[in-house]
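Hi everyone, thanks for coming. I'd like to walk you through one model today, so let's put it on the screen.

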Amino acid sequence: MEKTRGVRSPDFFAIVELMTERSYLGEFELMILLAVIHLGEEAYGVSISRELEKHRGRGVSVGSVYAALERMEANGLVTSNLGDPTPERGGKAKRYFRATKAGLLQVHDTRRVLTKLWQAIPHLKLERQ
């Protein structure tokens with residue numbers, strides 16, 4: 001079998017074929033969905049942003065989180081509902097999010113494709129500076 005930069009050609013084409021079957025989550029959407037799943041009942045804009053910051057090691061704007069959540073809600077990947085208004089928030093309610101069945105399927109499909117891609121790559125040596 002012919003090798004292309006360490007990836008066997010049949011593996012590469014099988015992965016490309018898998019990726020054309022449906023759309024996969026982008027990096028940011030995947031991280032947000034994973035944070036929503038992890039946070040459970042406490043998944044709202046600020047808590048999701050903090051969860052991402054904790055794991056990414058850098059800031060994440062709440063506005064970008066909400067923009068992505070709105071896109072994902074329009075695509076049926078998450079749903080939202082308003083909690084009770086709280087005095088700490090000036091009487092405003094928090095908007096809580098949860099992953100839908102379609103969102104969970106996207107997470108699993110994206111993981112499956114990414115795992116296949118990683119397995120097709122020869123062992124990499126990364127040097128941190």
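Let me start with a question for you: is Asp 109 buried or exposed? Before you answer, please keep in mind that this is a predicted model. Asp 109 is buried, with a relative accessible area of 12%. Its side chain meets that of Arg 112 in a salt bridge, at 3.8 Å from N to O. Arg 112, for its part, is partly exposed, at 32% relative accessible area. Both residues sit in helix α5, which covers residues 101-119, and they are three residues apart, about one turn of the helix. Elsewhere, salt bridges with shared partners join Glu 70, Glu 73 and Arg 95 into one network.

How many salt bridges are there altogether? The count comes to five. Another of them is in helix α3, where the side chains of Lys 54 and Glu 51 meet at 3.6 Å, N to O. Here too the partners are three residues apart, about one turn of the helix. Lys 54 is exposed, with a relative accessible area of 58%, while Glu 51 counts as buried at 10%.

Now for a salt bridge that links distant parts of the chain. Glu 29 and Arg 71 meet through their side chains at 3.0 Å, N to O. Glu 29 belongs to helix α2 and Arg 71 to helix α4, residues 62-74, so to speak 42 residues apart. Glu 29 is buried, at 18% relative accessible area, and Arg 71 is partly exposed, at 44%.

Since we have arrived at α4, let's stay there for a moment. This helix has 13 residues and reaches 18 Å from its first C-alpha to its last, close to the 18 Å expected at 1.5 Å a residue. Which residues in α4 are buried? They are Val 65, Ala 68, Leu 69 and Met 72. Looking down the axis of α4, you find its buried residues within an arc of 100°, so they line one face of the helix. What covers them includes α2, α3, β4 and β3, the last of these spanning 78-85. After α4 comes Gly 76, which has a positive phi, near 80°.

That brings me to the core. In soluble globular proteins, nonpolar side chains tend to be buried together. In this model the largest nonpolar core has 19 residues, and those with the most contacts inside it are Ile 32, Ile 48 and Leu 69. The elements giving two or more residues to this core are α2, α3, α4 and β4. Its largest share, five residues, comes from α2. If you zoom in on Ile 32 and leave aside residues up to four places away in sequence, you will see it touching Ile 48, Leu 52, Val 65, Ala 68, Leu 69 and Met 72.

One last stop: the aromatic pairs. A search of the whole structure finds two. In one of them, the rings of Tyr 44 and Tyr 96 have their centres 5.7 Å apart and their planes at 75°, so the pair is edge-to-face. Tyr 44 lies in the loop between α2 and α3, and Tyr 96 in strand β4, residues 93-99, so this pair ties together parts that are 52 residues apart in sequence. Tyr 44 also counts as buried, at 13% relative accessibility.

Thanks for listening, and I'm happy to go back to any of these views.

Methods. Residues are numbered from 1 along each chain as its sequence is written. This is a predicted model: local features need pLDDT of at least 70, side-chain atom pairs count only at pLDDT 80 or more; totals for chains, interfaces and linings use all residues. Side-chain values use heavy atoms; hydrogens and water are left out. Rings of Phe, Tyr and Trp (its six-membered ring) pair if their centres lie within 6.5 Å; planes under 30 degrees apart count as stacked, over 60 as edge-to-face and the rest as tilted. Helices (H or I, at least four residues) and strands (E, at least two) are DSSP runs, numbered from the N terminus. Buried means under 20% relative accessible area, exposed over 50%, partly exposed in between (1.4 Å probe, protein chains only). A salt bridge is a side-chain nitrogen of Lys or Arg within 4 Å of a carboxyl oxygen of Asp or Glu. The expected span of a helix is 1.5 Å times one less than its number of residues. The arc is that of the directions from the helix axis to the C-beta atoms. Contact means heavy atoms within 4.5 Å. A nonpolar core is a set of buried Ala, Val, Leu, Ile, Met, Phe, Trp, Tyr and Cys residues joined through side-chain atoms within 4.5 Å.
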